[in-house]
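Visitor: Hey, I've got a structure open and no idea where to start. Could you walk me through some of the side chains?

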Amino acid sequence: MLISHSIEQVIINMKNRKLRIVTSLMIVVMMMTTIVMTGCGGPEYDPLEGVETQMVKDDSGRSEIEIPADLTKIAPSGATATMMLIPIASDMLVGVSASPSMDQEKYLPEELLYLPTFGQFYGSKSTLNMESLIEAEPQVVFDLGDKKATVKSDMNSIQKQTGIPALFYDGTLEHMADTYRTLGKLLNREEKGEELAAFIDRTVEMAETNSAKIDASDKISILYGTGATGLAVNAKGSSQAQVIDLIGARNAIIPEEITDKGGGTIVSMESLYEDEPDMIILTEGGPYADLADNEWSELKAVKAGRYYEIPGDPYCWMSSPPSVNMVLGVCWLGQLAYPDIYNDYDMVEVAQEYYKLFWNYDMSDEEAKEMLANSYFK
């Protein structure tokens with residue numbers, strides 16, 4: 001009887017111990033869940049709580065979006081938005097899409113170098129870190145760029161997931177000036193917004209006037225090559241290539257299916273010789289230096305010396321991503337393609353004006369000429 005009783009007691013003790021372990025594990029899990037949900041500013045963070053608000057509309061088609069009336073902390077949805085927000089409100093950014101490279105650092109405000117990175121909402125490399133975004137506690141997330149078919153549902157989705165108002169505004173060249181005026185009003189930076197918008201308006205209007213002077217038969221074809229080989233191209237219809245159309249030129253590559261991804265169309269050397277572009281522009285890090293001595297050498301544009309490397313600091317002047325850098329690209333490519341028509345400005349002076357206005361950077365003559373060494377001063 002004593003042995004039986006002892007065995008029964010051991011079993012009871014084991015059961016009690018197992019119950020305590022399970023209970024402890026459940027408590028740990030509950031604590032971890034609480035940390036995830038609240039420790040990083042999750043659903044408990046509400047940028048509208050206890051503040052005066054306003055109702056605004058955006059370019060996605062939504063007309064009743066509630067946001068704080070006084071915006072001081074904002075976040076970008078990706079690289080394009082980051083670039084567009086820096087010139088008007090770098091001090092309001094609570095994070096960026098990616099850390100600036102060493103080559104970019106000297107052109108950008110120092111405080112940007114220490115901000116958290118959120119990744120980006122769109123694109124083949126969509127990496128938006130929701131937790132990091134929420135933890136930074138922005139009052140609004142801005143999505144700026146080309147208008148995708150799903151943008152309305154996308155903005156609703158990110159707003160629902162984060163609890164943070166999300167606004168989309170068109171960042172293409174056609175609408176960029178209006179977007180800066182809108183941002184100026186929303187961020188209480190109307191004077192700066194108007195300065196940026198005026199530069200963009202002046203540039204776009206100049207290009208539209210000049211391109212109207214070019215007969216269809218006189219339009220030159222331009223190949224815009226990216227990547228190490230130059231054979232990943234930005235074709236007609238992609239947002240990355242919109243500068244080519246604006247200046248009055250033709251894109252040498254017209255694909256059956258348009259992609260907005262940078263370098264989204266892959267071509268072969270054989271097809272290039274069939275298309276025979278009049279001009280070739282290549283991104284930094286591409287085959288520019290060897291073009292006259294490799295398989296590109298027999299192309300008529302190479303024989304004529306009409307191939308150029310696109311300046312790329314702090315961002316590529318043509319796209320990558322297609323943002324405010326394109327404005328300077330209009331002046332640069334227009335003068336390269338049609339020097340007799342785009343002839344009423346000095347490219348060094350334009351570059352200096354642009355860098356001061358958009359990046360608050362005083363560019364010397366020597367820096368500008370070095371940046372243009374493989375194109376304008378070739």
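Guide: Sure, and keep in mind that this is a predicted model. Let's begin with Lys378: the charged end of Lys378 sits over the ring of Tyr307, 3.2 Å from the ring centre.

Visitor: Which other ring does Lys378 lie over?

Guide: Tyr308. Lys378 lies over the face of that ring too, at 5.3 Å from the ring centre.

Visitor: OK, rings then. How many aromatic pairs does the structure hold?

Guide: There are 11 aromatic pairs. Take Tyr315 and Trp359: their ring centres are 5.6 Å apart and their planes meet at 50°, so this pair is tilted.

Visitor: Why does 50° make it tilted?

Guide: Planes under 30 degrees apart count as stacked and those over 60 as edge-to-face, so 50° falls into the remaining class, tilted.

Visitor: Where do those two residues lie?

Guide: Tyr315 is in the loop between β11 (307-309) and α11 (325-337), while Trp359 is in helix α12 (residues 347-359). The pair therefore ties together parts that are 44 residues apart in sequence.

Visitor: Is Trp359 buried or exposed?

Guide: Buried, with a relative accessible area of 5%. Tyr315 is buried as well, at 14%.

Visitor: What about Tyr376 and Phe377, how are those rings arranged?

Guide: They form an edge-to-face pair, 5.0 Å centre to centre with 90° between the planes. Tyr376 is partly exposed at 26% relative accessibility, and Phe377 is partly exposed at 39%.

Visitor: Which residues form an aromatic cluster?

Guide: Tyr107, Phe199, Trp317, Tyr354, Tyr355, Phe358 and Tyr361 form one cluster.

Visitor: Switching topic: how many salt bridges turn up in a search of the whole structure?

Guide: The search finds 12. One of them joins Asp58 and Arg62, with the closest N and O atoms 2.6 Å apart.

Visitor: Charged residues, huh. Is Asp58 buried or exposed?

Guide: Asp58 is buried, at 7% relative accessible area, and Arg62 is buried at 9%.

Visitor: What does Glu353 pair with?

Guide: Glu353 forms a salt bridge with Arg202, and their closest N and O atoms are 3.0 Å apart. This one links distant parts of the chain: Arg202 is in helix α7 (residues 190-211) and Glu353 in helix α12, 151 residues apart. Arg202 is partly exposed, with a relative accessible area of 45%, and Glu353 is partly exposed at 38%.

Visitor: Which residues do shared partners join into a network?

Guide: Asp178, Arg181, Glu194 and Asp201, through salt bridges that share partners.

Visitor: Back to helix α7 for a second. What does Asn210 touch there?

Guide: Asn210 lies in helix α7 and is buried, with a relative accessible area of 6%. Not counting residues up to four places away in sequence, Asn210 touches Ile341 and Tyr342.

Visitor: And α11, how many of its residues are buried?

Guide: 13 of the 13 residues are buried, so α11 is largely enclosed by the rest of the structure. This helix reaches 18 Å from its first C-alpha to its last, close to the 18 Å expected.

Visitor: Let's go to the nonpolar part. Which residues touch the most other members of the largest core?

Guide: Phe142, Tyr180 and Trp332, out of 82 residues in that core. Leaving aside neighbours within four places in sequence, Phe142 has contacts that include Leu71, Ile74, Leu85, Tyr169 and Leu187. Apart from the largest core lies another, of 18 residues, among them Leu231, Leu272, Trp296 and Tyr307.

Visitor: Last topic, the backbone. Where are the cis peptide bonds?

Guide: One joins Asp313 and Pro314, with omega about -5°. Another joins Ser320 and Pro321, with omega also about -5°. Pro314 is in the loop between β11 and α11, and Pro321 lies in the loop between β11 and α11 too.

Visitor: What's unusual-looking about phi of Glu137?

Guide: Phi of Glu137 is near 55°, a positive value in a residue other than glycine. Glu137 is in the loop between α4 (130-135) and β4 (140-145). Asn360 has a positive phi of about 55° too, although Asn360 is not a glycine.

Visitor: Is Asn360 buried or exposed?

Guide: Exposed, with a relative accessible area of 60%. You'll find Asn360 in the loop between α12 and α13 (365-371).

Definitions and conventions:
Residues are numbered from 1 along each chain as its sequence is written. This is a predicted model: local features need pLDDT of at least 70, side-chain atom pairs count only at pLDDT 80 or more; totals for chains, interfaces and linings use all residues. Side-chain values use heavy atoms; hydrogens and water are left out. Rings of Phe, Tyr and Trp (its six-membered ring) pair if their centres lie within 6.5 Å; planes under 30 degrees apart count as stacked, over 60 as edge-to-face and the rest as tilted. Helices (H or I, at least four residues) and strands (E, at least two) are DSSP runs, numbered from the N terminus. Buried means under 20% relative accessible area, exposed over 50%, partly exposed in between (1.4 Å probe, protein chains only). A charge sits over a ring if NZ of Lys or CZ of Arg is within 6 Å of the ring centre and within 35 degrees of the ring normal. A salt bridge is a side-chain nitrogen of Lys or Arg within 4 Å of a carboxyl oxygen of Asp or Glu. Contact means heavy atoms within 4.5 Å. The expected span of a helix is 1.5 Å times one less than its number of residues. A nonpolar core is a set of buried Ala, Val, Leu, Ile, Met, Phe, Trp, Tyr and Cys residues joined through side-chain atoms within 4.5 Å.
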